[in-house]
Amino acid sequence: MRVIGLMSGTSVDGIDAAVVEITGDPARPQVTLLAGETYDYPADLRAQILAVCGGAALSMQQLAQLDEAIAQAFAQAALKIAQDHRPITLIGSHGQTVFHRPPTDQLGYTMQLGRGDLIAAVTGVETVSNFRVADIALGGHGAPLVPPVDVALLSHPTDDRAVQNIGGIGNVAFLPATNRTETFAGFDTGPGNVLLDLAVAHLSQGEKTYDADGAWASQGQIHPNLVQQWLAHPYFQQTPPKSTGRELFGVDYFQQCLADAAGLPAADLLACLTELTVLSIVQSYQQWLPRLPQQVLLCGGGSHNGYLRSRLQQHLPTTRVLTTTAVGLDADSKEAIAFAVLAYWRKHGIYGNLPQVTGAREFALLGEIYGVAGNSAVIA
Ligand SMILES: Nc1ncnc2c1ncn2[C@@H]1O[C@H](COP(=O)(O)OP(=O)(O)OP(=O)(O)O)[C@@H](O)[C@H]1O
Ligand SMILES: CC(=O)N[C@H]1[C@@H]2OC[C@@H](O2)[C@@H](O)[C@@H]1O[C@H](C)C(=O)O
């Protein structure tokens with residue numbers, strides 16, 4: 001079956017789209033990537049989304065317009081990537097997270113915009129969307145959802161692996177070697193690139209959106225006391241299951257970091273924020289994974305940050321730090337691929353969440369399915 005996966009994450013940089021061919025046993029699918037692209041959001045739409053993520057109030061009218069604009073952008077991304085890969089049978093669309101409240105003594109709440117019904121209507125392809133809410137209703141975090149896909153696609157016969165996504169937020173999936181019988185682990189490790197991106201935009205007066213390869217940060221000096229001060233944030237001490245977002249590590253937190261680093265050169269701020277990401281990952285492995293893995297497989301945009309990668313390798317001397325691309329799964333497309341697989345699982349009646357990761361009290365079918373009328377197909 002040919003499936004499109006669509007995802008836009010906490011960096012809000014654009015829509016990751018992937019076309020995959022899925023074959024074999026639905027529970028242990030064989031996935032071949034046929035195309036992977038990122039389609040940038042129009043600048044005004046990105047600005048609106050970032051404002052809402054930052055807590056800007058919206059009228060219902062504005063919410064409706066934003067939801068439609070995001071759905072249209074996702075549908076256009078699907079139409080573009082499908083061009084040379086028809087027929088497409090199914091779309092799995094994560095949408096755009098604009099609000100995420102982890103559960104406490106009350107249920108969590110999460111909101112992804114980009115209505116699946118509109119994507120189905122525009123593309124003529126059955127679409128699964130709104131993946132997180134079923135897990136949330138069962139007391140879970142609704143995140144991270146990619147770990148079971150990592151288990152299915154990246155487990156190794158003899159080596160323990162940790163798959164580390166470094167997007168806006170970072171998250172890990174621990175995959176014990178398949179010759180062991182342990183359960184899996186996974187959680188959000190904390191900020192990935194989000195603080196770095198905010199710092200770069202601030203330091204470059206909006207000229208740049210990110211620090212390519214970590215080149216700017218690599219010229220700076222790390223101030224360990226400052227990094228330790230930031231690592232005292234309660235999120236880093238919290239026991240999994242745990243998830244986070246721009247609500248905790250967004251503009252307000254960045255302003256605090258900026259104030260803490262007052263007087264330091266720009267490159268030092270970037271080096272310190274990079275070290276925060278790196279040490280939050282390393283310390284969370286030491287605290288919460290059953291043991292350190294033999295391999296860390298990086299994915300997401302942060303996997304292109306050579307400075308960050310080298311810092312991570314330095315702090316994990318007995319572990320090989322690689323990318324998922326190095327073991328055959330494209331590091332930039334992996335999350336989009338994951339939502340194609342989650343949609344495929346939904347259609348086959350296969351549970352998509354891992355309760356030991358999300359904290360839900362049960363397994364759940366994830367996603368709402370939106371069908372299309374028989375002859376309305378555009379890319380089917
Ligand atoms: N060449 C590069 N060098 C350094 N950093 C990069 C590079 N390319 C991308 N990035 C970083 O990766 C970020 C985008 O990563 P990605 O697309 O994985 O995030 P996301 O999917 O939005 O987030 P999340 O996984 O939290 O939902 C950019 O904002 C930038 O900080
Ligand atoms: C609520 C939400 O959108 N969470 C994202 C975010 O981005 C990274 C991290 O925080 C992860 O928990 C999740 O995305 C990935 C795709 C996941 O669910 O596995």
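In strand β5, F99 of β4 has M111 as its bridge partner. That pair belongs to a set of five bridges by which β4 is joined to β5 (residues 109-113), the two strands running antiparallel. The model in which this pairing appears is a predicted one. Its mean pLDDT over the protein is 96, with 98% of the residues reaching 70 or more, and the scores for the model are ipTM 0.98 and pTM 0.97.

Strand β4 offers a convenient point from which to follow the sheet. Besides β5, β4 is joined to strand β6 (residues 126-129) by four bridges, and these two strands run parallel. Within that pairing, L90 has E126 of β6 as its partner. L90 also takes part in a second pairing, since V3 has L90 as its bridge partner in β4. The pairing of β4 with strand β1 (residues 2-8) is parallel and extends over five bridges. As to burial, β4 is mostly covered, 10 of its 12 residues being buried.

From β1 the path leads on to strand β2. Six bridges pair β1 with β2 in the antiparallel sense, and within β2 the residue opposite M7 is D16. The two strands form a hairpin with five residues between them, and in the turn V12 has a positive phi of about 55°. Strand β2 (residues 14-23) is itself mostly covered, with seven of its 10 residues buried.

A further hairpin follows, made by β2 and β3, with six residues between the strands; here G24, in the turn, has a positive phi of about 85°. The antiparallel pairing of β2 with strand β3 (residues 30-40) comprises 10 bridges. One of the residue pairs is I15 with its partner Y39 in β3.

The strands described so far may now be set within the domain arrangement. The domain assignment divides the protein into domain 1 (2-142 + 334-370) and domain 2 (147-327). Taken over C-alpha atoms, the centres of domain 1 and domain 2 are separated by 23 Å. Contact between them involves 23 residues of domain 1 and 28 residues of domain 2. On the side of domain 1 that touches domain 2, at least two residues each are supplied by β4, α12 (334-347) and α13 (355-358). The largest share of that side, five residues, is provided by α12. In composition, the residues of this side of domain 1 comprise nine nonpolar, 11 polar and three charged.

Both ligands are related to this division into domains. Where does ligand 1 lie with respect to domain 1 and domain 2? Ligand 1 lies between them, because domain 1 (2-142 + 334-370) and domain 2 (147-327) both contribute residues to its shell. The residues that surround ligand 1 number 23, and the closest are G9, S11, G167, G300 and G301. By class, the shell around ligand 1 contains four nonpolar, 14 polar and five charged residues.

The surroundings of ligand 2 can be described in the same terms. Ligand 2 is surrounded by 17 residues, of which the closest are T97, A143, P144, V146 and I169. Two elements, β4 (90-101) and β8 (169-175), are those that give two or more residues to the shell around ligand 2. Strand β4 thus reappears here, having also been named among the elements on the side of domain 1 that touches domain 2. The shell around ligand 2 consists of five nonpolar, 10 polar and two charged residues. Since residues of this shell come from both domain 1 (2-142 + 334-370) and domain 2 (147-327), ligand 2 lies between them.

A last position to consider is T239, which is found in the loop between α8 (234-237) and α9 (251-260). Is T239 buried or exposed? T239 counts as exposed, because it has 8 C-beta neighbours inside 10 Å, and a residue with 12 or fewer is classed in that way. In sequence, T239 and V372 are 133 residues apart, while in space 43 Å lie between them, C-alpha to C-alpha.

How values were computed:
Residues are numbered from 1 along each chain as its sequence is written. Chains are lettered from A and ligands numbered from 1 in the order in which they are written. This is a predicted model: local features need pLDDT of at least 70, side-chain atom pairs count only at pLDDT 80 or more; totals for chains, interfaces and linings use all residues. A residue is near a molecule or strand if its C-beta atom, placed from the backbone, lies within 6 Å of it. Ala, Val, Leu, Ile, Met, Phe, Trp, Tyr, Cys and Pro count as nonpolar, Asp, Glu, Lys and Arg as charged, and the others, Gly among them, as polar. Domain bounds come from an automatic or database domain assignment. A residue is buried if 20 or more other C-beta atoms lie within 10 Å of its own, exposed if 12 or fewer, and partly exposed in between; C-beta atoms are placed from the backbone. Two strands pair if DSSP finds at least two bridges between them. pLDDT is the predictor's confidence in each residue, from 0 to 100. Two residues are in contact if their C-beta atoms, placed from the backbone, lie within 7 Å.
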